[in-house]
Each structure stands twice: as C-alpha cells, then as structure tokens.
Amino acid sequence: MRTPQHSPVSGKLAMVGKFLFAAAAVAALLNVYIYLNQKIAETQRQIRKTERVLHETEREIAQLRIQREQLMAWPHIKNMIARFDLKLHGPNPGQVATMSILTPDQAARIPLESVAAVRTPGSGVIRN
C-alpha cells in the first residue's frame, strides 16, 4: 500500500500554521500576564491610599475623643458657667418628683389611694 504523499508546500504551510498558532498563544498569555500585573499594581495603590485615609480617620477620631473629654471636664464647664454668667440654682420644689419601687409585700400594705395620689408642695394632694 502506498501512503499519500503531501506536497512540500502543504507541509511547509502546515508548519507555518502551527508556528503562528503557538506564537499567538504565547502572545495572548503574555498580554494576560501584563494585564493582570497592571490590575495588581492599581489595586495595591488603591489599598495604600485607603490605608492612609483610614489612618487619618482614626487619628481624627482619637482627637475628637480627647476634645470631648476636655469639654466634659468640670473645670471647662465651670469656666463656661462663669463666662456666660449663668445663675445656676437648685430646682424649685415643684420641679422635683420622686418615685419608689416597692416589693410585692410593701405594695400589699399600702392603700391604693396613697399610691395614686400626687403631692405637690403648697397645694396638698391631687387625686388621679
């Protein structure tokens, strides 16, 4: 049996085709490699920028906490009272209300009328 023989031109053409396919595959892989390296570099730059912003924000938060503590300190409050000449005084008796929490035994011994009454200074007892 005889094997069909290929012409020398078709053999060379097949070899050139294989070479071009291999070269195209290598070029495609190289492009993907370059593209991914660019994306990695961009992401690293963005991470560094975000870390810098986060660090600055944490410093601002720390400064605000310190400032809050300073503003809430009694010496500062006392100075502001003096600066704005606030005449602070105790509450009027009518501005004060008291509340008691009773145990079940105590509640059973106290008449309901005295629990439901509200006392205001100078006016006696007001019934609800």
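In this predicted model, the side chains of Glu-69 and Arg-68 meet in a salt bridge, with 3.7 Å from N to O. Neither partner is hidden from solvent in the sense used here: Glu-69 counts as partly exposed at 48% relative accessibility, and Arg-68 is likewise partly exposed, with a relative accessible area of 46%. Side chains of opposite charge can pair when their charged atoms come close.

A search of the whole structure finds three salt bridges, and the other pairs can be taken in turn. Lys-39 forms a salt bridge with Glu-42, and the closest N and O atoms of this pair are 3.7 Å apart. Because Lys-39 and Glu-42 are three residues apart in helix α1, about one helical turn separates them. Lys-39 is partly exposed, since its relative accessibility is 38%, and Glu-42, at 40% relative accessibility, also counts as partly exposed.

The remaining pair joins Asp-85 to Lys-87, where the closest N and O atoms of the salt bridge lie 2.9 Å apart. Here Asp-85 is exposed, with a relative accessible area of 52%, and Lys-87 is exposed too, with a relative accessible area of 62%; the cut-off that both residues pass is 50%, over which a residue counts as exposed.

To place these pairs in the chain, it helps to look at the secondary structure. The protein chain holds four helices and two strands, and read from the N terminus the elements follow the order α-α-α-α-β-β. Helix α1 covers residues 8–72 and helix α2 covers residues 74–83.

How do these two helices pack? Helix α1 and helix α2 pack at an angle of about 60°, and their axes are 5 Å apart. That angle makes α1 oblique to α2. In the contact, Gln-70, Leu-71 and Met-72 of α1 meet Trp-74, His-76 and Ile-77 of α2. By character, the residues of this contact divide into four nonpolar and two polar, with no charged residue among them.

Seen over the whole chain, burial is scarce in numerical terms: of the 128 residues of the protein chain, 1% count as buried, a class that requires a relative accessible area under 20%. The protein chain exposes about 12500 Å², and carbon and sulfur atoms supply 63% of that area.

Technical notes:
Residues numbered from 1 in each chain as written. Predicted model: local features only at pLDDT ≥ 70, side-chain atom pairs only at ≥ 80, totals over all residues. Heavy atoms only, no water. Axes fitted to C-alpha atoms, helices over the stretch in contact; angles between N-to-C directions. Parallel < 35°, antiparallel > 145°, perpendicular 65-115°, else oblique. Contact = heavy atoms within 4.5 Å. Nonpolar A, V, L, I, M, F, W, Y, C, P; charged D, E, K, R; others polar. Salt bridge = Lys/Arg side-chain N within 4 Å of Asp/Glu carboxyl O. Buried < 20%, exposed > 50% of the residue type's maximum accessible area, 1.4 Å probe, protein only. Areas by Shrake-Rupley, 256 points an atom, 1.4 Å probe, with all protein chains shown as cover.
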